[in-house]
Amino acid sequence: MRAVPAPKVWVTGLTVGAVAAVVVLAVQADKGTKPSVALTSRPSVSASPSPSARPEPTATAVPDASGTGRRIVYSLGEKRVWLVDASDAARRSFAVWPGTVDPAPGTYSVSLRRGEPRTGSDGVRIEHIVYFTMVNGVNVAFSNAVDGSSPPPAGGVQTGGIRMKTADGSALWTFGETGTKVVVVN
């Protein structure tokens, strides 16, 4: 029998240990338990919007009074959007940060889309802009900030921008082609 050099034994030991750790975590995940792991070697720094700017997550069931068929549903009260397919199943639901001008409950359709970044009426660079109505001369549209921020609406400025996270803005952009139905509910 040939002796295995020490470095190979060390690498093999590390590999076996890593595989065992992955198996333990997979079994815990399968059982629905959460592994407790403490990461203390590096502090974490993250910025978060003020509590008043962050929407609270809510149920993801499509509102009953939102019609049928493929549509974008926007709930004024829940500050939430659903992307609903032709079979009336919600394909995605997410919280939004509305502007200062709300559309009236009703049915609209996507009238215009602007993909390239531009400056919104509040001075924030936005993209994935999906327009669907106008209220008292103010365009109402879905969009996301280019930098991913969710600033509160500018004081004293009438804004019809309904902002969302970048990934949600991309999903709505892909889903909300010109002519897509938009249903606004209370």
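Tutor: Let us begin with a definition: rings of Phe, Tyr and Trp, the last taken by its six-membered ring, pair if their centres lie within 6.5 Å. The model above is a predicted one, and a search of the whole structure finds three aromatic pairs in it.

Student: What makes the pair of tyrosine 74 and phenylalanine 142 edge-to-face?

Tutor: The two ring centres are 6.0 Å apart and the planes meet at 85°. Because a pair needs centres within 6.5 Å and edge-to-face needs planes over 60 degrees apart, both conditions are met. Tyrosine 74 belongs to strand S1 and phenylalanine 142 to strand S8, so this pair ties together parts that are 68 residues apart in sequence. Both tyrosine 74 and phenylalanine 142 are buried.

Student: Why is the pair of phenylalanine 132 and phenylalanine 142 called stacked?

Tutor: Here the centres are separated by 4.9 Å and the planes by 25°. Stacked requires planes under 30 degrees apart, so the angle of 25° earns that name. Phenylalanine 132 lies in strand S7 and phenylalanine 142 in strand S8, so the parts tied together by this pair are ten residues apart in sequence. Phenylalanine 132 is buried, as is phenylalanine 142, and Tyr74, Tyr108, Phe132 and Phe142 form one aromatic cluster.

Student: Which elements does the chain have, and in what order do the elements run?

Tutor: There are two helices and ten strands, and from the N terminus on they run α-β-β-β-β-β-β-β-β-β-α-β.

Student: How do you know that strand S1 is mostly covered?

Tutor: Strand S1 spans residues 71–75, and five of its five residues are buried. In a regular strand the side chains alternate between the two faces of the sheet. In S1 both faces are covered, with Arg71, Val73 and Ser75 buried on one side and Ile72 and Tyr74 buried on the other.

Student: How do you know that S1 pairs with strand S2 and with strand S10?

Tutor: Because two strands pair if at least two bridges are found between them, the bridges settle the matter. Five bridges join S1 to S2 (residues 80–84), and these two strands run antiparallel; in S2, arginine 80 is the bridge partner of serine 75. S1 and S2 form a hairpin with four residues between them, and lysine 79 in the turn has a positive phi of about 50°. Four bridges join S1 to S10 (residues 181–185) in the parallel sense, with valine 184 of S10 as the bridge partner of tyrosine 74.

Student: Why does aspartate 64 count as exposed or buried?

Tutor: The relative accessibility of aspartate 64 is 81%, and exposed means over 50%, so aspartate 64 is exposed. Aspartate 64 lies in the loop between helix H1 (6–30) and S1. The C-alpha atom of aspartate 64 is 9.6 Å from that of valine 185, although the two residues are 121 apart along the chain.

Student: And what makes aspartate 168 buried or exposed?

Tutor: Its relative accessible area is 9%, and buried means under 20%, so aspartate 168 is buried. Aspartate 168 lies in helix H2 and, leaving aside its neighbours within four places in sequence, is in contact with Arg92 and Phe94.

Student: Which residues of the largest nonpolar core touch the most other members?

Tutor: Ile72, Val81, Phe142 and Leu172 do, in a core of 24 residues. S1, S2, S7 (125–135), S8 (138–145), strand S9 (161–164), helix H2 (166–175) and S10 each supply at least two residues of this core, and H2 gives the most, with four. Leaving aside neighbours within four places in sequence, the contacts of valine 81 include Ile72, Tyr74, Phe94, Phe142 and Leu172. In soluble globular proteins, nonpolar side chains tend to be buried together.

Student: How do you know that the charged end of arginine 113 sits over the ring of tryptophan 173?

Tutor: The distance to the ring centre is 3.6 Å, and the criterion asks for CZ of Arg within 6 Å of the ring centre and within 35 degrees of the ring normal, so the distance meets its part of the cut-off. The charged end of arginine 70 likewise sits over the ring of phenylalanine 175, 3.9 Å from its centre.

How values were computed: Residues are numbered from 1 along each chain as its sequence is written. This is a predicted model: local features need pLDDT of at least 70, side-chain atom pairs count only at pLDDT 80 or more; totals for chains, interfaces and linings use all residues. Side-chain values use heavy atoms; hydrogens and water are left out. Buried means under 20% relative accessible area, exposed over 50%, partly exposed in between (1.4 Å probe, protein chains only). A nonpolar core is a set of buried Ala, Val, Leu, Ile, Met, Phe, Trp, Tyr and Cys residues joined through side-chain atoms within 4.5 Å. Contact means heavy atoms within 4.5 Å.
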